[in-house]
Amino acid sequence: MSVKKAVAVDKTGRANNDLRIGYFVHDVSRLRRTLFDQKMKPLGVTRSQWWVLAQLGRSEKTLGEQGMLQTELANVLDVGKVTVGGLIDRLEAGGFVRRMPCPNDRRAKRVVVTEAGRATLRQMQSVSQELNALILNEIPKESIRTAEEVLAKMKANIMQELHGNHVGEDELIDDDL
(Lines give C-alpha, C1' and ligand atoms only; values in the text may rest on other atoms or scores of the structure.)
Protein backbone atom coordinates (compact mmCIF):
# COMPACT_ATOMS: atom_id res chain seq x y z
CA MET A 1 0.00 0.00 0.00
CA SER A 2 1.43 3.37 -0.99
CA VAL A 3 1.24 6.23 1.44
CA LYS A 4 0.93 9.74 0.06
CA LYS A 5 2.51 12.44 2.08
CA ALA A 6 0.28 15.42 2.71
CA VAL A 7 1.90 18.58 1.35
CA ALA A 8 0.76 22.00 2.42
CA VAL A 9 0.01 24.26 -0.54
CA ASP A 10 -0.04 28.04 -0.57
CA LYS A 11 -2.73 30.16 -2.25
CA THR A 12 -0.87 30.05 -5.60
CA GLY A 13 -0.92 26.25 -5.61
CA ARG A 14 2.80 25.84 -4.86
CA ALA A 15 4.02 23.41 -2.25
CA ASN A 16 5.37 25.12 0.87
CA ASN A 17 8.82 23.68 0.30
CA ASP A 18 8.91 25.82 -2.86
CA LEU A 19 8.82 28.86 -0.61
CA ARG A 20 12.32 28.30 0.78
CA ILE A 21 13.50 31.10 -1.48
CA GLY A 22 12.62 33.57 1.25
CA TYR A 23 15.04 31.87 3.60
CA PHE A 24 17.77 31.83 0.97
CA VAL A 25 17.24 35.52 0.18
CA HIS A 26 17.43 36.36 3.87
CA ASP A 27 20.50 34.20 4.53
CA VAL A 28 22.42 35.41 1.48
CA SER A 29 21.64 39.03 2.38
CA ARG A 30 22.67 38.55 6.01
CA LEU A 31 25.89 36.73 5.12
CA ARG A 32 26.80 39.34 2.49
CA ARG A 33 26.30 42.12 5.05
CA THR A 34 28.54 40.24 7.48
CA LEU A 35 31.29 39.96 4.83
CA PHE A 36 30.85 43.63 3.95
CA ASP A 37 31.10 44.56 7.66
CA GLN A 38 34.44 42.75 7.88
CA LYS A 39 35.76 44.66 4.88
CA MET A 40 34.52 48.02 6.23
CA LYS A 41 36.03 47.58 9.70
CA PRO A 42 39.48 48.93 8.68
CA LEU A 43 37.75 52.11 7.43
CA GLY A 44 36.22 52.66 10.87
CA VAL A 45 32.67 52.50 9.51
CA THR A 46 30.02 50.40 11.23
CA ARG A 47 27.15 48.62 9.45
CA SER A 48 24.68 51.31 10.46
CA GLN A 49 27.03 54.04 9.30
CA TRP A 50 27.82 52.46 5.93
CA TRP A 51 24.11 51.90 5.40
CA VAL A 52 23.46 55.64 5.97
CA LEU A 53 26.31 56.55 3.61
CA ALA A 54 25.00 54.16 0.97
CA GLN A 55 21.52 55.71 1.13
CA LEU A 56 22.95 59.22 0.93
CA GLY A 57 25.11 58.14 -2.02
CA ARG A 58 22.04 56.78 -3.81
CA SER A 59 20.14 59.98 -3.17
CA GLU A 60 23.02 62.01 -4.62
CA LYS A 61 22.71 60.08 -7.86
CA THR A 62 19.03 60.98 -8.18
CA LEU A 63 18.75 64.31 -6.33
CA GLY A 64 22.21 65.75 -6.79
CA GLU A 65 24.30 67.09 -3.94
CA GLN A 66 21.40 68.67 -2.04
CA GLY A 67 21.38 65.78 0.43
CA MET A 68 18.42 64.33 2.28
CA LEU A 69 16.34 65.61 5.13
CA GLN A 70 17.06 63.74 8.35
CA THR A 71 13.40 62.70 8.47
CA GLU A 72 13.57 61.33 4.91
CA LEU A 73 16.69 59.40 5.81
CA ALA A 74 15.00 57.93 8.90
CA ASN A 75 12.06 56.82 6.73
CA VAL A 76 14.25 55.24 4.05
CA LEU A 77 16.34 53.42 6.65
CA ASP A 78 13.21 52.44 8.61
CA VAL A 79 14.64 53.76 11.88
CA GLY A 80 13.54 56.44 14.32
CA LYS A 81 14.58 60.08 14.12
CA VAL A 82 16.64 59.77 17.31
CA THR A 83 18.51 56.75 15.94
CA VAL A 84 19.31 58.43 12.63
CA GLY A 85 20.32 61.58 14.52
CA GLY A 86 22.92 59.61 16.49
CA LEU A 87 24.24 57.93 13.34
CA ILE A 88 24.56 61.29 11.62
CA ASP A 89 26.31 62.73 14.70
CA ARG A 90 28.97 59.99 14.48
CA LEU A 91 29.33 60.30 10.70
CA GLU A 92 29.61 64.07 11.04
CA ALA A 93 32.27 63.70 13.77
CA GLY A 94 34.18 61.39 11.41
CA GLY A 95 34.00 63.96 8.61
CA PHE A 96 31.85 61.77 6.32
CA VAL A 97 28.74 64.00 6.25
CA ARG A 98 27.62 67.43 7.32
CA ARG A 99 24.28 68.92 8.21
CA MET A 100 23.07 71.96 6.35
CA PRO A 101 20.01 74.09 6.98
CA CYS A 102 17.14 73.38 4.62
CA PRO A 103 16.42 76.46 2.49
CA ASN A 104 12.64 75.85 2.68
CA ASP A 105 12.40 75.09 6.41
CA ARG A 106 14.74 76.62 8.99
CA ARG A 107 13.98 73.85 11.49
CA ALA A 108 14.92 71.05 9.08
CA LYS A 109 18.44 69.87 8.37
CA ARG A 110 19.68 68.30 5.17
CA VAL A 111 22.45 65.73 5.40
CA VAL A 112 25.05 65.90 2.65
CA VAL A 113 28.06 63.71 1.95
CA THR A 114 31.45 65.39 2.28
CA GLU A 115 34.42 64.68 0.04
CA ALA A 116 35.77 62.30 2.70
CA GLY A 117 32.38 60.56 2.65
CA ARG A 118 32.50 60.28 -1.14
CA ALA A 119 35.98 58.74 -0.91
CA THR A 120 34.58 56.19 1.54
CA LEU A 121 31.63 55.56 -0.79
CA ARG A 122 34.10 54.86 -3.61
CA GLN A 123 35.93 52.37 -1.37
CA MET A 124 32.59 50.80 -0.41
CA GLN A 125 31.73 50.44 -4.10
CA SER A 126 35.08 48.78 -4.76
CA VAL A 127 34.59 46.35 -1.86
CA SER A 128 31.07 45.64 -3.07
CA GLN A 129 32.35 44.78 -6.54
CA GLU A 130 34.99 42.47 -5.04
CA LEU A 131 32.35 40.75 -2.92
CA ASN A 132 30.04 40.35 -5.90
CA ALA A 133 32.85 38.72 -7.87
CA LEU A 134 33.50 36.36 -4.97
CA ILE A 135 29.81 35.59 -4.35
CA LEU A 136 28.95 35.11 -8.02
CA ASN A 137 32.05 33.04 -8.81
CA GLU A 138 31.31 30.15 -11.18
CA ILE A 139 27.68 31.18 -11.64
CA PRO A 140 26.81 31.59 -15.34
CA LYS A 141 25.87 35.11 -16.42
CA GLU A 142 22.49 33.88 -17.66
CA SER A 143 21.71 32.43 -14.22
CA ILE A 144 22.65 35.75 -12.63
CA ARG A 145 20.36 37.62 -15.04
CA THR A 146 17.52 35.21 -14.26
CA ALA A 147 18.07 35.62 -10.51
CA GLU A 148 18.05 39.42 -10.88
CA GLU A 149 14.81 39.28 -12.87
CA VAL A 150 13.16 37.02 -10.30
CA LEU A 151 14.30 39.16 -7.37
CA ALA A 152 13.20 42.37 -9.14
CA LYS A 153 9.76 40.84 -9.72
CA MET A 154 9.58 39.68 -6.10
CA LYS A 155 10.46 43.22 -4.98
CA ALA A 156 7.82 44.70 -7.30
CA ASN A 157 5.21 42.29 -5.94
CA ILE A 158 6.07 43.21 -2.36
CA MET A 159 6.03 46.94 -3.12
CA GLN A 160 2.71 46.54 -4.93
CA GLU A 161 1.24 44.84 -1.86
CA LEU A 162 2.67 47.45 0.50
CA HIS A 163 1.90 50.55 -1.52
CA GLY A 164 -0.91 49.46 -3.83
CA ASN A 165 0.46 51.30 -6.83
CA HIS A 166 2.54 50.49 -9.87
CA VAL A 167 6.25 50.56 -9.16
CA GLY A 168 8.53 51.78 -11.93
CA GLU A 169 11.72 49.96 -12.86
CA ASP A 170 13.79 52.91 -11.64
CA GLU A 171 12.55 52.16 -8.12
CA LEU A 172 13.64 48.54 -8.40
CA ILE A 173 17.24 49.18 -9.39
CA ASP A 174 19.71 49.56 -6.53
CA ASP A 175 23.43 50.14 -6.49
CA ASP A 176 25.91 47.35 -5.94
CA LEU A 177 26.10 47.97 -2.19
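These legends walk through several close-up views of one predicted protein model.

**View 1. The whole chain at a glance.**
Let's start with the big parts list: the protein has 6 helices and 3 strands. If you follow the chain from start to end, the elements come up as α-α-β-α-α-β-β-α-α. Of the 177 residues in the protein, 31% are buried. The accessible surface adds up to about 12,500 Å², and carbon and sulfur atoms account for 55% of that. How much of the contact list joins residues at least 24 apart? Counting contacts between residues at least 6 apart in sequence, the share is 49%.

**View 2. Three strands side by side.**
Here we look at the sheet, which is open and built from 3 strands in the order β1-β3-β2, with antiparallel pairing. Which strands sit at the edges? They are β1 (68-69) and β2, and each of them pairs on one side only. On one side of the sheet, β1 and β3 run antiparallel and are joined by 2 bridges. You can find M68 standing opposite V111, a residue of β3.

**View 3. The hairpin.**
Now move along to β2 and β3, which make a hairpin with 2 residues between them. Strand β2 covers residues 97-102 and strand β3 covers residues 105-113. The two pair in the antiparallel sense, over 6 bridges. Want one bridge to look for? Take R99: its bridge partner in β3 is V111. You have met V111 before, as the residue opposite M68.

**View 4. A cluster of rings.**
This view is about F36, W50 and W51, which ring pairs link into a cluster. A pair of aromatic rings is described by two things, the distance of the centres and the angle of the planes. The protein has 2 aromatic pairs. In the pair of F36 and W50, the ring centres are 4.5 Å apart and the planes meet at 65°, so this pair counts as edge-to-face. The pair ties together distant parts of the chain, since F36 belongs to helix α1 and W50 to helix α2 (residues 47-63), 14 residues apart. W50 also forms an aromatic pair with W51, again edge-to-face. For W50 and W51 the distance is 6.1 Å centre to centre, with 85° between the planes.

**View 5. Buried or partly exposed?**
Stay with the same rings, but ask how much of each residue is accessible. Is F36 buried or exposed? F36 has a relative accessibility of 1%, so it counts as buried. W50 comes in at 3%, so W50 is buried too. And W51? Its relative accessible area is 33%, so W51 counts as partly exposed.

**View 6. A nonpolar patch on the surface.**
Last stop: the outside of the protein. Which residues make the nonpolar surface patch? They are I21, V25, V150 and L151, and the patch measures about 280 Å². Two helices contribute here: α1 (21-40) and α6 (141-163) each supply at least two of the patch residues. Take I21 as an example, a residue found in helix α1. Its relative accessibility is 38%, so I21 counts as partly exposed. Helix α1 also holds F36, which is buried, so one helix gives you both kinds of residue to look for.

Terms used. Residues are numbered from 1 along each chain as its sequence is written. This is a predicted model: local features need pLDDT of at least 70, side-chain atom pairs count only at pLDDT 80 or more; totals for chains, interfaces and linings use all residues. Side-chain values use heavy atoms; hydrogens and water are left out. Patches are made of residues with over 30% relative accessible area and no salt bridge: like charges are joined within 9 Å, nonpolar side chains (Val, Leu, Ile, Met, Phe, Trp, Tyr) within 5 Å. Accessible areas come from the Shrake-Rupley method with a 1.4 Å probe; for residues, only the protein chains shown count as cover. A salt bridge is a side-chain nitrogen of Lys or Arg within 4 Å of a carboxyl oxygen of Asp or Glu. Helices (H or I, at least four residues) and strands (E, at least two) are DSSP runs, numbered from the N terminus. Buried means under 20% relative accessible area, exposed over 50%, partly exposed in between (1.4 Å probe, protein chains only). Two strands pair if DSSP finds at least two bridges between them. Contact means heavy atoms within 4.5 Å. Rings of Phe, Tyr and Trp (its six-membered ring) pair if their centres lie within 6.5 Å; planes under 30 degrees apart count as stacked, over 60 as edge-to-face and the rest as tilted.
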